[in-house]
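Let's walk through this structure together, starting from the outside and working inward. Keep the 3D view open as you read.

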Amino acid sequence: MQITHLPGRGLVIAIISSIGIRHESAHTLVATGLYLDLSRVLRNPADDPTMRYRTGLDDDAYAYVLKTPGALTLINRTAVQLRALADEVPVGRLVRLTVACQGGRHRAVDRTT
């Protein structure tokens with residue numbers, strides 16, 4: 001989980017979490033806010049035998065996912081939506097984004113930690 005401070009009319013904390021929806025009870029981790037399921041939207045490195053045992057933390061698997069047509073547009077649109085949500089919540093409150101894919105190893109990975 002990464003906590004990001006968004007500039008704006010006051011302090012609003014954005015919490016971005018990633019989950020693998022195939023894992024039992026993963027949906028119980030989804031709180032309020034935006035939910036983005038990447039399972040059918042972005043290329044899955046696990047479908048390529050040379051990438052299957054890589055993760056989104058590996059530069060080649062990360063690049064593989066970002067080569068999906070429209071991937072950067074999806075990322076930018078999601079950032080705009082998160083910012084719009086942050087503008088609507090009271091100062092001092094949280095906004096949440098949960099990013100999901102099938103297993104949580106390739107497409108919904110937090111590369112910031």
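The accessible surface of the chain comes to about 7,200 Å², and carbon and sulfur atoms hold 55% of that area. Do bear in mind that you are looking at a predicted model. Turning inward, 29% of the 113 residues in the chain are buried.

How are the elements ordered along the chain? Starting at the N terminus, the order is β-β-β-α-α-β, which gives 2 helices and 4 strands. For a feel of how the chain connects with itself, take the contacts with a separation of 6 or more: 67% of them are between residues 24 or more positions apart.

Now zoom in on helix 1, which spans residues 59-66. Which of its residues are buried? They are Ala61, Tyr64 and Val65. Looking down the axis of helix 1, you will find these buried residues within an arc of 95°, and therefore they line one face of the helix. Some general background helps here: an α-helix has 3.6 residues a turn, so residues three or four places apart point the same way. As for what covers the buried residues of helix 1, the cover includes helix 2, residues 71-88.

Stay with Tyr64 for a moment, since this buried residue of helix 1 also has a charged partner: the charged end of Arg43 sits over the ring of Tyr64, at 3.9 Å from the ring centre. And what about rings paired with other rings? A search of the whole structure for aromatic pairs finds 0.

Notes:
Residues numbered from 1 in each chain as written. Predicted model: local features only at pLDDT ≥ 70, side-chain atom pairs only at ≥ 80, totals over all residues. Heavy atoms only, no water. Phe/Tyr/Trp six-rings, centres within 6.5 Å; stacked < 30°, edge-to-face > 60°. Lys NZ or Arg CZ within 6 Å of the ring centre and 35° of its normal. Buried < 20%, exposed > 50% of the residue type's maximum accessible area, 1.4 Å probe, protein only. Contact = heavy atoms within 4.5 Å. Areas by Shrake-Rupley, 256 points an atom, 1.4 Å probe, with all protein chains shown as cover. Arc of directions from axis to C-beta.
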